[in-house]
Amino acid sequence: GAVVLALALALAWRVIGLAGPWSEERLFPLTALAKCPQVDEMDDGQAYSLTHAVFFMTDFGSRPQGLPPACRQHLSHNAQGWAQAFRGRSNHDLFAELALACCCAGGEAPWAESGLWAVQAEDGMVPGPGLRSPQLVAGATVERRRFLENYHTTLAAIMASFAVTVGLGRS
């Protein structure tokens, strides 16, 4: 929720060299990931919070050490199981985001590409989990609706595939 959004702002301030009212060091302990949750499965909100905390703490993989070692290990150990649970629910967006988060934290996700290839459409699109805001597609053409429903998942899958291939976050 709000803490993860504040992490995004803290990252932006750090990257552009501005002093901000919050620091990543003060915000991260307030996230669920900081507590290394011992869960077999998460709901969508918990998973998006976790993946985005990783993205912002690691600056999308350029600083895997931005995430505390215990959290990196916890994520690396659990990401595949969590991702497979989302894949089983046809949520390929969180499957891809968890693979990307694992790589951003310096881990590996060799399991991700085959899972993404299996659902990729002939034109490269990876199906999304559906829109949370149906009003976005009200009156849209079939093509526009297909784009809006799937573009984020397709981008997440591209980034995850890239991260897996190049070893993002690993030295």
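# Questions on an all-helix chain

Reader: At 38% relative accessibility, does Phe-60 count as buried, partly exposed or exposed, and which of the three is it?
Author: In this predicted model, Phe-60 has a relative accessibility of 38%. Buried means under 20% and exposed means over 50%. The value for Phe-60 falls in between, so this residue counts as partly exposed.

Reader: Where is Phe-60 found?
Author: Two helices frame the position: α3 covers residues 44–57 and α4 covers residues 69–88. Phe-60 belongs to neither helix but to the loop between α3 and α4.

Reader: What is the phi of Phe-60?
Author: Phe-60 is not a glycine, yet its phi is positive. The value is about 55°.

Reader: Which residue in the loop between α4 and α5 has a positive phi without being a glycine?
Author: The loop in question runs between α4 and α5, the latter covering residues 92–104. A residue there has a phi near 60° and is other than glycine. With a relative accessible area of 43%, it is partly exposed. The residue is Ser-90.

Reader: How are the rings of Phe-55 and Phe-60 arranged: stacked, tilted or edge-to-face?
Author: The count of aromatic pairs comes to five. In the pair of Phe-55 and Phe-60, the ring centres are 5.3 Å apart and the planes are at 20°. Planes under 30 degrees apart count as stacked. The angle of 20° meets that cut-off, so the pair of Phe-55 and Phe-60 is stacked.

Reader: Which residue joins Phe-55 and Phe-60 in one aromatic cluster?
Author: Phe-55 is buried, at a relative accessible area of 4%, whereas Phe-60 is partly exposed. The cluster that holds both of them also includes Phe-56.

Reader: What angle do the ring planes of Phe-147 and Tyr-151 make?
Author: Phe-147 and Tyr-151 both sit in helix α7, residues 142–166, and are four residues apart, about one turn of the helix. Both are partly exposed, Phe-147 with a relative accessible area of 44% and Tyr-151 with 38%. Their ring centres are 5.0 Å apart, and the pair is stacked because the planes are at 15°.

Reader: Is His-92 buried or exposed, and which word fits?
Author: His-92 lies in helix α5. Leaving aside neighbours within four places in sequence, its contacts include Arg-87, Leu-116 and Val-119. Val-126, Pro-127 and Thr-153 are also among them. The relative accessibility of His-92 is 7%, so His-92 counts as buried.

Reader: How many helices are there in the chain?
Author: From the N terminus on, the elements run α-α-α-α-α-α-α. There are zero strands, and the number of helices is seven.

Reader: What is the radius of gyration of the chain?
Author: The chain has seven helices. For 171 residues the globule rule gives 16 Å, and the chain comes close to this, so it is as compact as a globular protein of that length. The C-alpha trace spans about 45 × 35 × 30 Å along its principal axes. The radius of gyration is 16 Å.

Reader: What share of the 171 residues is buried?
Author: Phe-55 is buried, and His-92 is another buried residue. Across the chain, the buried residues make up 43%.

Reader: How far apart do the centres of the positive and negative side chains lie?
Author: The chain has 12 positive and 15 negative side chains. The centres of these two sets are separated by 5 Å.

Methods: Residues numbered from 1 in each chain as written. Predicted model: local features only at pLDDT ≥ 70, side-chain atom pairs only at ≥ 80, totals over all residues. Heavy atoms only, no water. Rg over C-alpha atoms; globule rule 2.2 N^0.38 Å. Buried < 20%, exposed > 50% of the residue type's maximum accessible area, 1.4 Å probe, protein only. Lys, Arg positive; Asp, Glu negative; His and termini not counted. Charge placed at Lys NZ, Arg CZ, Asp CG, Glu CD. Phe/Tyr/Trp six-rings, centres within 6.5 Å; stacked < 30°, edge-to-face > 60°. Contact = heavy atoms within 4.5 Å.
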